[in-house]
Amino acid sequence: MEGFDAVADGLYVLPPADFTRARNQAAADARKAGDRELAARLTALRRPTQSAWAVNLLVHRHPDRADALLELGRRLRRAQAELAGPALRELSAERHRTVAELATAAREAAAEAGARLADAQLREVEQSLWAALASEEAAEAFAAGRLTAALEEGSGLPSEEPQAAAPKSARGRKPAGRAATGKAQQASADRAAAQAAEEALSAAERTERDAEKEAQRLDRAAERLAAAEQRAAERVERARAALQATEEDLAEARETAADARRDASDAADRLAEARTAAERARTQLSDLSDSPSSR
């Protein structure tokens, strides 16, 4: 019987629809083998959401790319801790590119496994990747490849925004001269400026992500509207075709009715003529009956 890690890794790359059945079977096999502790640990495993499963697939099928994300996160957090403005600006562009590339890789991995990620699920994948970059705790959960739900950026996890260390109080210290005082003031100003710049950068990046999400929402709304317009146009076209067919049937019926009326009129004329002929024949017969020769 395989150990817990091997079994768990195998379970978390299965499509979520197959997870519960496979987990229960693995736990039953462990109990049958006499390993009740393993069976209990396996039974406690939770079924992943679709987006969490896609992230797990990414970690297990593309470990090199997952490692690159983790390394980028370490570099980002180190630069944030040191308030390294130029490095942060360079890394910011790299993390946007990396998140986009890995989200695409996760979507492709899910497609290869027979599942299509919806837009909302793909956004949750991106959310997990952002969280793994922002927090060491989230990075560890990501690297384990056993997520059950999307990681949340900034909720219960350290924020990605740089946090400046509180300056130590200089109260009670004697100044070491104007030069030292000037240098300390300049260093403090530099730290404040770097902190302000990084806070502005983080705010701009959040605004950019929010704008991207809003643009995606509007795109989806436009697509739904276009589809609705297409369906309405098709219904109108079908109604027009049905109306045309009805008008053609009505015209044909009117023509048939006109023919029938003409036939009826002709029949009435023939009937009148026949009645007239019959009346003449009866008159002639009566005249013949009354003549002397007929007596």
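1. A word on terms before we start: two residues are in contact here when heavy atoms of theirs lie within 4.5 Å. Please also keep in mind that this is a predicted model. With that settled, A113 is a good place to begin. Leaving aside its neighbours within four places in sequence, A113 touches W53, L57 and R61.

2. Where does A113 sit? A113 belongs to the loop between α6 (85–112) and α7 (119–134). Its relative accessible area is 30%, and A113 therefore falls into the partly exposed class, since that class lies between the 20% limit for buried and the 50% limit for exposed. There is also a long-range relation to look at: V13 and A113 are separated by 100 residues in sequence, while their C-alpha atoms are 9.4 Å apart in space.

3. Stepping back to the overall fold, the protein has 9 helices and 0 strands. Read from the N terminus, the order of elements is α-α-α-α-α-α-α-α-α. Among contacts between residues at least 6 apart in sequence, 71% join residues at least 24 apart.

4. On burial and surface: 26% of the 295 residues count as buried. The protein exposes about 19100 Å², and 51% of that area comes from carbon and sulfur atoms.

5. Next, the charge pairs. Side chains of opposite charge can pair when their charged atoms come close. How many salt bridges does the structure hold? The count is 6. One of them joins the side chains of R146 and D5, with an N to O distance of 3.0 Å. This pair links distant parts of the chain, as R146 lies in the loop between α8 (136–144) and α9, D5 lies in helix α1 (residues 4–11), and 141 residues separate the two.

6. I would look at the surroundings of that pair too. R146 has 24% relative accessibility and so counts as partly exposed. D5 is likewise partly exposed, at 47%. Which residues make up the network of salt bridges here? D5, D9 and R146 are linked in it.

7. Helix α9 (residues 178–290) offers pairs of another kind, within one element. R262 and D259 form a salt bridge at 1.9 Å, N to O. Both residues are in helix α9, 3 residues apart, which is about one turn of the helix. Are these two residues buried, or are they partly exposed? R262 is partly exposed, with a relative accessible area of 48%, and D259 is partly exposed as well, at 30%.

8. A further pair in helix α9 is E279 with R282, whose closest N and O atoms are 2.7 Å apart in a salt bridge. Here too the partners are 3 residues apart in helix α9, about one turn of the helix. E279 has a relative accessible area of 43%, so E279 is partly exposed.

9. Finally, a feature of the surface charge. Which residues gather in a patch of negative charge on the surface? They are E247, E248, D249, E252 and E255. Of this group, E247 is found in helix α9. The relative accessible area of E247 is 47%, so E247 is partly exposed. That value suits patch membership, because a patch takes residues with over 30% relative accessible area and no salt bridge.

Definitions and conventions
Residues numbered from 1 in each chain as written. Predicted model: local features only at pLDDT ≥ 70, side-chain atom pairs only at ≥ 80, totals over all residues. Heavy atoms only, no water. Helix = DSSP H or I, 4+ residues; strand = E, 2+ residues; numbered from the N terminus. Buried < 20%, exposed > 50% of the residue type's maximum accessible area, 1.4 Å probe, protein only. Areas by Shrake-Rupley, 256 points an atom, 1.4 Å probe, with all protein chains shown as cover. Patch = residues over 30% accessible without salt bridge, like charges linked within 9 Å, V, L, I, M, F, W, Y side chains within 5 Å. Salt bridge = Lys/Arg side-chain N within 4 Å of Asp/Glu carboxyl O. Lys, Arg positive; Asp, Glu negative; His and termini not counted. Charge placed at Lys NZ, Arg CZ, Asp CG, Glu CD.
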